[in-house]
Amino acid sequence: MAGDGRVRRVGAAALCLVLPLVGCAGRTAADSARSEVQRLLDMRSAALLRHDEGAYDATGARAEYTRLRALPLASWAYRVTALRRTAAGATADTELTYRVAGYDRAPVDTRRTVALSRTAQGTWYVTADRPAGGVGQQLWDQGTVTAVPGAHSLVLGAGQSPADLGAYVRMADRAVPAVSKEWGTDWTRKVVVVVPKSLDGMAGLLGSPAADYRGIAAVTTGEAGGAGRTPADRVVINPDAYAALGTLGRQVVLTHETTHVATRTRTTSATPLWLSEGYADWIGYLDTDRTPTEAAPELARAVRDGRVPAALPTDKDFGFTSDPTELAQAYEGGWLACRMIADRWGPARLTAFYRALGTHSTHSTRTAALTDALRTVLGTTPRAFTAAWRQYLGDQLR
């Protein structure tokens, strides 16, 4: 238990949270305790939003305040879903939702486990706030957050200097208008980039083993549409792999990921990964001097060896745990499919094709949706499109 100073502070700021000894009006002691913990977390959230360090400190552990104070927040709220009494006090299962001011139309939603104790007077206070089991970390779990805003972007880092984060800002600010030029302006036209200290930090944020992302420079969080609501997206950087890229490669990566942010609401289960990843690469490589053989070295090698793929890449081919050569060929094949559409039918028709697939219900079969979009937008069939793509690979990569 904290010393007398903490007891006095918490007792003075939250007298209304003293646990009743008996229930009333039919409420159990457990119900009362849960309500009081909810009020405590509401007070804690309000203190954070108004930058009231003293009031936040009065609710318990203050490490999060120091780590979070640079994050511009539009909202921050906990909802207690369960409360378990422990020898030390209690543990609350909570849902935390928050929005970054000026960037998030929809909130980030994550589950947190909050540990609590009580003073001798019976007042609750927070002793720890951590990710729930099986849930990825938030950036502040890894250290103090540094925020560097740009014209179209906000870069958040932990264990990164403001100067280093500024380089991401400059590239993200170039990526946003480049994406809008091709895709259109019906998206936020802003991007939040998260830069942890290392690959392990990236894996912690994504709640997956680090081995899954080794060699992957960045990923975009958020699930594809279909539920009628799109969560806030984050471009999460693997600083180890990103640092190994040249200037052009870094820009292509950030533009690629920004494309995913822009297209999220028009990406459904009907959208094959060869199209969503290929389209992102297509925008990423626009206005660069990379030739097909330079941008698609693994597929070029296979074509020169007489191993032209028989079919477009499947979703399974894009798995991060796939063989690195096969993974590279999947991305390169998707890019060249989109490049072929832009070359033969025009860039506007490529974007229209992507959007057309996104209009299909999540209950539509992938095959039916793709067949319909190919017919109505490009005037072709899956068989003819695949044959044209295989011929295009031979023409461009030999």
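## Exercises on a predicted model

Thr-267 is buried, its relative accessible area being 10%. The model used in these exercises is predicted.

**Exercise 1. Place Thr-267 in the chain, classify it by accessible area, and find its side-chain polar partner.**

Step 1. Locate the residue. Thr-267 lies in the loop between α8 and α9 (273-285).

Step 2. Apply the cut-off. A residue counts as buried under 20% relative accessible area. Thr-267 has 10%, so this loop residue is buried.

Step 3. Look for the partner. The side chain of Thr-267 makes a polar contact of 2.7 Å with the side chain of Tyr-354.

**Exercise 2. Describe the sheet that contains β1, β2, β3 and β4, and say which strands stand at its edges.**

Step 1. Write down the order. The four strands form an open sheet, β1-β2-β3-β4, with antiparallel pairing.

Step 2. Find the edges. β1 and β4 each have a single partner strand, so one side of each is left without a neighbour in the sheet.

Step 3. Add the twist. With direction ignored, neighbouring strands of this sheet are turned by 30 degrees against each other on average.

Step 4. Go through the pairs.
- β1 (residues 73-85) and β2 (residues 90-100) are joined by eleven bridges in the antiparallel sense. Val-80 is opposite Thr-94 in β2.
- β2 and β3 are antiparallel, with nine bridges. Here Thr-97 is opposite Asp-109 in β3.
- β3 (residues 108-118) and β4 are antiparallel, with seven bridges. Val-114 has Asp-129 in β4 as its bridge partner.

Step 5. Examine the link between β1 and β2. These two strands form a hairpin with four residues between them, and Gly-89 in the turn has a positive phi of about 155 degrees.

**Exercise 3. Work out the surroundings of Asp-129.**

Step 1. Place the residue. Asp-129 belongs to strand β4 (residues 124-131).

Step 2. Is Asp-129 buried or exposed? The relative accessible area of Asp-129 is 8%, so this residue is buried.

Step 3. List the side-chain polar contacts. The side chain of Asp-129 meets that of Tyr-78 at 2.5 Å. A polar contact of 2.9 Å links the side chain of Asp-129 to that of Arg-112.

Step 4. Widen the view to contacts of any kind. Neighbours within four places in sequence set aside, Asp-129 touches Glu-64, Tyr-78, Arg-112, Thr-113, Val-114 and Asp-141. One of these, Val-114, is also the bridge partner of Asp-129.

**Exercise 4. Give the strand order and edges of the five-stranded sheet, then find the helix α8 contacts with it.**

Step 1. Write down the order. The open sheet runs β5-β6-β7-β9-β8, and its pairing is mixed.

Step 2. Find the edges. β5 (145-149) and β8 (218-220) have a single partner strand each, so one side of each lacks a neighbour in the sheet.

Step 3. Add the twist. From one strand to the next, the average is 20 degrees.

Step 4. Inspect one pair. β5 and β6 (residues 153-158) run antiparallel and are joined by five bridges. Pro-149 has Leu-154 in β6 as its bridge partner.

Step 5. Place the helix. Helix α8 (residues 247-263) packs on the sheet and touches β7 (191-195), β8 and β9 (235-237). The direction of α8 makes about 10 degrees with that of β8.

**Exercise 5. Classify the crossing of α12 and α15 and name the residues that meet.**

Step 1. Read the geometry. The axes of α12 (residues 324-345) and α15 (residues 382-397) come within 10 Å and cross at roughly 100 degrees.

Step 2. Apply the cut-off. Angles of 65 to 115 degrees count as roughly perpendicular. The two helices α12 and α15 are therefore roughly perpendicular to each other.

Step 3. Name the residues in contact. From α12, the set includes Gly-333, Leu-336, Met-340 and Trp-345. From α15, the set includes Phe-385, Trp-389, Tyr-392 and Leu-397.

**Exercise 6. Summarise the chain as a whole.**

Step 1. Secondary structure: the chain has 15 helices and nine strands.

Step 2. Burial: 49% of the 398 residues are buried.

Step 3. Contacts: among those between residues at least 6 apart in sequence, 63% join residues at least 24 apart.

Step 4. Surface: the accessible surface comes to about 17,800 Å², and carbon and sulfur atoms account for 51% of this area.

Note on methods
Residues are numbered from 1 along each chain as its sequence is written. This is a predicted model: local features need pLDDT of at least 70, side-chain atom pairs count only at pLDDT 80 or more; totals for chains, interfaces and linings use all residues. Side-chain values use heavy atoms; hydrogens and water are left out. Two strands pair if DSSP finds at least two bridges between them. Axes are lines fitted to C-alpha atoms, for helices over the stretch in contact, and angles run from 0 to 180 degrees between N-to-C directions. Contact means heavy atoms within 4.5 Å. Buried means under 20% relative accessible area, exposed over 50%, partly exposed in between (1.4 Å probe, protein chains only). Accessible areas come from the Shrake-Rupley method with a 1.4 Å probe; for residues, only the protein chains shown count as cover. A polar contact is a pair of N or O atoms within 3.5 Å; within protein, one must be able to donate a hydrogen and the other to accept it, and residues adjacent in sequence count only if both atoms are side-chain atoms. Angles under 35 degrees count as roughly parallel, over 145 as roughly antiparallel, 65 to 115 as roughly perpendicular and the rest as oblique.
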